[in-house]
Structures are given as structure tokens and as C-alpha cells.
Amino acid sequence: MTHVDPENHSPTSVTNARPAVKVYVTRICAYCTLAKRLLRSKGVEFEELDVSGDASARMWLVETTGQRTVPQVFIDDKPYGGYTDIAQLDQQGRLDGLLGLDPGKP
Ligand SMILES: N[C@@H](CCC(=O)N[C@@H](CS)C(=O)NCC(=O)O)C(=O)O
């Protein structure tokens, strides 16, 4: 994509950076495996944060997401919920756009 720099009015090249995806997980968690599998199936890189046994991190997650379960998926620091939430977004055709992918492309 090409943008015009308002300072010097010359076109500057802008790369479409992929959003930062973070998945908060615990060690034994089937839904975490499903969420990671879905993201991997889309070729998306993500940071996996293990909050097993970390009470303050779990408390922060509950306060931030309003949910008590893991996984919790964040895209550019915005919480989108767990596996069933992102799977639903995918079924609605909304997940790819949130992940910075071309919708519908394998
Ligand atoms: N609908 C949720 C269900 C998640 C869920 O039940 N996760 C389990 C672990 S796999 C959980 O957090 N259980 C409560 C706990 O571990 O404290 C999702 O799809 O992410």
C-alpha cells in the first residue's frame, strides 16, 4: 500500500504488518490445543503464554476478558475469548480479517 506522507507530500511505502496474536494457555488444556491448531492452520504466528499456577496472571486474565477459562486469545492486545469464540468468528468469516489475512484464502 502507498500512503502520502503529510510532512513532505511524497509517497511512502507502508508494509501491512500482521497483528500481534497472543494465546494465554495452561499446560493441560484441550481447548488451548484446539485454539492453537486453528491459528496454526491459518499460518498465523502467535505468542503462547503459559499461566499455569500463576494466580496473579489468571486474575488479570479474568479481569481483562471477563472469562474464567483458558485459552484466551488476544489480537493486538484486544481480547477475543477462547477457542469457541474464535472458531465462531472464523465461521462468520471475520477471523481472517482480524488476523490480517486475506479473507477466504487458504
Ligand atoms: N468455551 C471455552 C471453554 C474453555 C475451557 O473450558 N477451558 C478449560 C481448560 S481446557 C478451563 O479453563 N477450565 C477451567 C480452569 O482450568 O480453571 C473455549 O472454547 O475456550
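## A briefing on the ligand shell, a helix pair and a hairpin

Sorted by class, the residues of the shell around the ligand are six nonpolar and three polar, with no charged residue among them. Please keep in mind as you look around that this is a predicted model. Below, we visit the ligand, then two helices, then a hairpin and its loop.

**Around the ligand**
- The residues surrounding the ligand are C29, A30, Y31, T69, V70, P71, G82, Y83 and T84.
- At least two residues of this shell come from helix 1 (30-41), and at least two come from helix 3 (83-91).

**How helix 1 and helix 3 pack**
- These two helices pack at an angle of about 30 degrees, and their axes are 9 Å apart.
- Angles under 35 degrees count as roughly parallel, so helix 1 and helix 3 are roughly parallel to each other.
- The crossing in which helix 1 passes helix 3 is left-handed.

**The hairpin of strand 5 and strand 6**
- Strand 5 and strand 6 run antiparallel and are joined by three bridges.
- If you would like to trace the pairing, F74 has P79 in strand 6 as its bridge partner.
- Two residues lie between the strands of this hairpin, where D76 takes a positive phi near 50 degrees.

**A closer look at D77**
- You will find D77 in the loop between strand 5 (72-75) and strand 6 (78-81).
- D77 has 9 other C-beta atoms within 10 Å; since 12 or fewer counts as exposed, D77 is exposed.
- Although D77 and P19 are 58 residues apart in sequence, their C-alpha atoms are 9.2 Å apart in space.

Notes: Residues numbered from 1 in each chain as written. Predicted model: local features only at pLDDT ≥ 70, side-chain atom pairs only at ≥ 80, totals over all residues. Helix = DSSP H or I, 4+ residues; strand = E, 2+ residues; numbered from the N terminus. Buried ≥ 20, exposed ≤ 12 C-beta atoms within 10 Å, placed from the backbone. Near = placed C-beta within 6 Å. Nonpolar A, V, L, I, M, F, W, Y, C, P; charged D, E, K, R; others polar. Pairing = 2+ DSSP bridges. Axes fitted to C-alpha atoms, helices over the stretch in contact; angles between N-to-C directions. Parallel < 35°, antiparallel > 145°, perpendicular 65-115°, else oblique. Left-handed = near helix turned anticlockwise from the far one by under 90°.
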